Structure formats: structure tokens, C-alpha cells
Amino acid sequence: MERREARGGTLILGGGFAGSYVARLLKRRGATVVSLENFMLYTPLLPEAASGTLEPRHVVVPLREMCPHAELVLGHIRAHDAEGKTVTVDSLAGELEIGYERLVVALGATTRVLPVPGLVEHGVGFKDLADAIALRNRVLLQLERATLHPDDPSELGFVFVGAGYAGVEALAELNDMVHAALRSYSGLRDVPQRWVLVDAAPKILPEIPRRLGEYASRRLEKRGVEIHVGTTLESFDGREAVLANGVRIPARTLVWTAGVRANPLLARLGLPLDDRGRVVVDETLRVGGLNDTWALGDCAAVPNAHTGQTDPPTCQHALRQARRLAKNLVGEPRPYGYRMLGQVATLGRYKGIADVLGIKLSGFPAWFVARTYHLYALPLVSRKLRVVTDWTPSLFFRRDIAGLSSLGHPKGLEP
């Protein structure tokens with residue numbers, strides 16, 4: 001087995017938002033990043049990639065450009081030896097043992113899937129870029145099938161389970177896309193659609209102020225979206241979703257966005273975990289009982305000194321954690337504390353909600369603020385310009401409705 005030492009002594013497990021920003025902020029001190037992909041995904045822009053507003057490549061940032069002083073190792077993490085200060089990685093070149101002086105765990109989270117009959121077999125997720133593009137292709141193919149079977153109500157039935165940011169924004173963007181696409185499907189203009197949002201919570205978007213959540217509900221209901229709160233999904237067989245309140249919804253597409261869980265890989269690293277599977281860290285983001293190991297992002301239970309609670313799994317908090325941790329790795333460790341400046345969410349084209357410094361906005365102003373914030377948080381000037389370049393023509397032209405389901409599935413050479 002080949003052995004090497006982490007660049008600058010710092011080994012970062014995970015190239016997501018939190019891990020990549022730590023590597024970027026360490027600058028010339030360097031780090032070695034172990035990641036499954038050679039890019040960082042900016043997840044808040046996934047709904048716009050799914051609806052065709054943004055080119056999919058523009059919502060990801062190449063790690064080698066984002067972290068020019070870091071070494072990137074693509075591979076799966078196999079084992080961790082805390083005493084020997086090594087991590088074993090199944091890399092592209094075979095098994096690799098990487099020694100470190102400081103270990104940063106930023107493995108993120110995965111979709112939390114509940115044991116609902118038919119969910120795994122027929123439901124789709126919305127966690128990464130592949131999910132977003134697959135969902136877009138699926139929705140467009142349903143439009144094509146509906147032209148052949150306009151009397152089948154399941155063809156234009158769409159159910160989104162989970163009414164947090166991901167579920168609400170994905171539904172709003174795809175609902176916009178389908179309504180815009182109907183201009184090119186004259187035979188479907190009078191065929192009823194059914195868009196349904198389901199959540200066990202008593203209201204949608206429970207993270208935001210009540211007035212904004214109510215505005216979001218009104219906007220969605222005005223567009224014909226059914227909202228079922230205080231209930232859960234009972235089953236889904238690929239053609240019909242059954243809710244706990246007895247409602248039966250003909251639908252071929254069910255999108256599951258009902259929460260996340262810490263990366264299951266954490267259980268194999270020998271780190272202290274809480275009852276939700278997250279790494280336990282102190283106020284400096286150091287892992288309990290290990291002086292040379294830190295954790296942050298969605299995989300960690302990070303205590304916030306300003307709120308007295310653990311941080312929610314958002315990019316906004318991951319960025320602030322990364323800034324604090326980068327300083328703690330090279331200087332005297334100080335407690336992490338951050339008070340949110342605000343929250344934003346888009347509801348399709350020209351509509352959004354925002355709570356910034358206590359100022360509550362809705363409609364176009366909120367949509368503009370949401371886009372401005374995402375542009376600020378997206379790293380690299382080149383990526384910002386690419387996103388702006390995509391946004392500009394979308395102000396004047398219809399959404400692109402070309403399905404790209406063949407991508408990633410080439411036919412190959414035939415004799």
C-alpha cells in the first residue's frame with residue numbers, strides 16, 4: 001500500500017461546501033482533500049439547474065480551481081486509524097494510506113429515507129446534480145407520455161414530500177417549467193395537472209417567519225399547488241401516492257426531500273457520534289477526546305455560541321463554520337459563534353421570500369435578494385459570471401424544454 005503525507009499536515013475528508021471552503025481558506029498552507037468528485041456542488045442552485053434556468057455545470061465549482069494550493073485525491077474512505085494518524089483511501093490508483101497532523105471531517109449528509117412502502121422502488125431524490133437532471137428529464141418525458149395518454153391523470157401528477165427549502169424551491173421551479181412548456185404542447189393545455197406538497201410539520205417552510213411562510217403557501221396555492229401539512233406519505237406504487245390523511249393522488253413522479261441524515265460512513269471512523277449519527281464537537285469544532293481532529297458541516301453537531309443551539313444543515317452556517325475552523329487550525333482555537341443575517345428562498349421566476357436583518361420581503365424584491373445572496377456565496381468570479389450569463393437570457397426567453405435523458409448513456413460503437 002502506498003503511503004503519503006497530507007499536504008501542509010492537514011487532511012480534509014469531504015469536498016463539499018464545508019470541506020472545500022476550509023481548504024480554500026487555508027490558502028498557501030495547503031491541505032489534502034479526499035472527495036468522491038472533483039467539484040463542489042452549490043446546492044441552493046439545484047432547483048434552477050433542474051428547471052433549465054442554469055446550465056448544470058455552472059452550479060458546481062472545480063475543486064482544483066477553488067482550492068489551488070490543495071492536493072485532491074479522488075476516492076472512497078475505507079478506514080481511519082486515530083492512533084496512527086492515518087486514513088486509508090481506495091483511490092483511482094489503488095489503496096492509499098495518508099498520514100496527517102490535523103484531520104478535518106466534512107463528509108456532509110445523505111437523504112433520510114423512511115420505510116414507506118414503494119418509496120425506494122419508485123420515489124426519486126433531490127440531493128445532488130444527478131438527481132436534479134434526472135428529475136428534469138423525468139418531468140419532460142411525462143409531458144411526452146401525456147400527449148399519448150391525456151386521459152391518464154397520473155401522467156401529470158407530481159408529489160413532493162418534504163416542505164423545507166429543497167422541496168418548496170424544487171416544486172416551484174419545475175411547476176414554472178411545466179407551465180411554460182405547455183405553450184409547445186397544445187394538446188395538453190386543457191389537461192389538468194396535479195402538483196402536491198406534503199409535510200408532517202404543521203406548515204411549510206417552518207424555518208422562516210410565519211408571515212413569509214403564509215405568503216409562500218398563498219403563492220403556491222394560487223398556482224394550483226395542493227398543500228397537505230400535518231400528514232405523511234403512507235405508500236407509493238409508481239402510479240398513486242397514498243397519504244396518512246386518506247388522500248389518494250394519481251402520480252407517476254414522487255420527489256422525496258423529507259430531511260437528511262449524517263453520512264453513514266461516520267460510523268466506521270471511530271469518532272464520537274450523537275443520537276442522530278453526527279460527530280460530537282466542542283465550541284471550537286474540535287472532536288471530543290481527540291486533540292488533532294475537527295468536524296463541521298452537515299455531518300457534525302456544531303454548538304453555536306451565539307444561539308446556544310446546534311447549527312442547522314445549511315450552506316450559510318457551513319461557510320461560517322469553515323471560516324472559524326480555518327483560523328483555529330493555524331492559530332489559537334476560539335469558540336464558533338454566528339447569528340444568521342437572514343433567510344431566503346425562491347418560488348420560481350420573479351417570486352421569492354426573504355428575511356434579511358429583520359426586514360421581511362416577498363415577491364420580486366425577495367427573489368432579487370435571494371439571487372444576489374447566492375451570487376455572493378458562490379466562489380470564483382468565473383463561476384459567478386457564468387451564472388449571471390445564464391440568468392440574463394432567462395429574463396427574456398422561455399425555459400429550455402429539451403430532455404437530455406441520453407446523457408451518460410452512450411450507445412457505444414456498433415459493428
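In the predicted model, Phe-368 has a relative accessible area of 49% and is therefore partly exposed. Phe-364 falls in the same class, partly exposed, at 45% relative accessibility. The bounds for this class are 20% and 50%. Both residues belong to helix H9, which spans residues 364-377. They are four residues apart, about one turn of the helix.

The structure holds eight aromatic pairs. In one of them, the rings of Phe-158 and Trp-195 have centres 4.2 Å apart. Their planes meet at 20°, so this pair is stacked. Planes under 30 degrees apart count as stacked. Phe-158 comes from strand E12 (residues 157-161) and Trp-195 from strand E13 (residues 194-199). The pair therefore ties together parts that are 37 residues apart in sequence. Both Phe-158 and Trp-195 are buried. Phe-364 and Phe-368 also form a stacked aromatic pair. Here the distance is 6.5 Å centre to centre, with 25° between the planes. These two residues join Tyr-350 and Trp-367 in one aromatic cluster.

Aromatic side chains also appear at the surface. Leu-395, Phe-396 and Phe-397 make a nonpolar surface patch of about 370 Å². Phe-397 is found in the segment after helix H10 (381-394). With a relative accessible area of 58%, Phe-397 is exposed. The cut-off for exposed residues is over 50%.

Strand E9 covers residues 102-105. Arg-102 and Val-104 point one way from E9, and Leu-103 and Val-105 point the other way. All four of these residues are buried. In a regular strand the side chains alternate between the two faces of the sheet. E9 pairs with strand E2 (residues 10-13) in the parallel sense, over four bridges. Within this pairing, Val-104 in E9 stands opposite Ile-12. E9 also pairs with strand E21 (residues 293-295), again in the parallel sense. Three bridges link E9 and E21. Thr-293 in E21 is the bridge partner of Leu-103.

A further sheet is open and consists of three strands in the order E15-E16-E17. Its pairing is antiparallel. Strand E15 (233-236) and strand E17 (248-250) stand at the edges. Each has a single partner strand, so one side of each is left without a neighbour in the sheet. Neighbouring strands of this sheet are turned by 20° against each other on average, direction ignored.

E15 and E16 pair over three bridges in the antiparallel sense. Ser-235 has Val-242 in E16 as its bridge partner. The hairpin of E15 and E16 has three residues between the strands. In this hairpin, Gly-238 takes a positive phi near 95°.

Strand E16 (residues 240-243) and E17 are likewise antiparallel, with three bridges. Ala-241 has Ile-249 in E17 as its bridge partner. Val-242 stands opposite Arg-248 in E17. Val-242 thus has partners in both pairings, Ser-235 and Arg-248. The hairpin of E16 and E17 has four residues between the strands. Gly-246 takes a positive phi near 95° in this hairpin.

Note on methods:
Residues numbered from 1 in each chain as written. Predicted model: local features only at pLDDT ≥ 70, side-chain atom pairs only at ≥ 80, totals over all residues. Heavy atoms only, no water. Patch = residues over 30% accessible without salt bridge, like charges linked within 9 Å, V, L, I, M, F, W, Y side chains within 5 Å. Areas by Shrake-Rupley, 256 points an atom, 1.4 Å probe, with all protein chains shown as cover. Salt bridge = Lys/Arg side-chain N within 4 Å of Asp/Glu carboxyl O. Helix = DSSP H or I, 4+ residues; strand = E, 2+ residues; numbered from the N terminus. Buried < 20%, exposed > 50% of the residue type's maximum accessible area, 1.4 Å probe, protein only. Phe/Tyr/Trp six-rings, centres within 6.5 Å; stacked < 30°, edge-to-face > 60°. Pairing = 2+ DSSP bridges. Axes fitted to C-alpha atoms, helices over the stretch in contact; angles between N-to-C directions.
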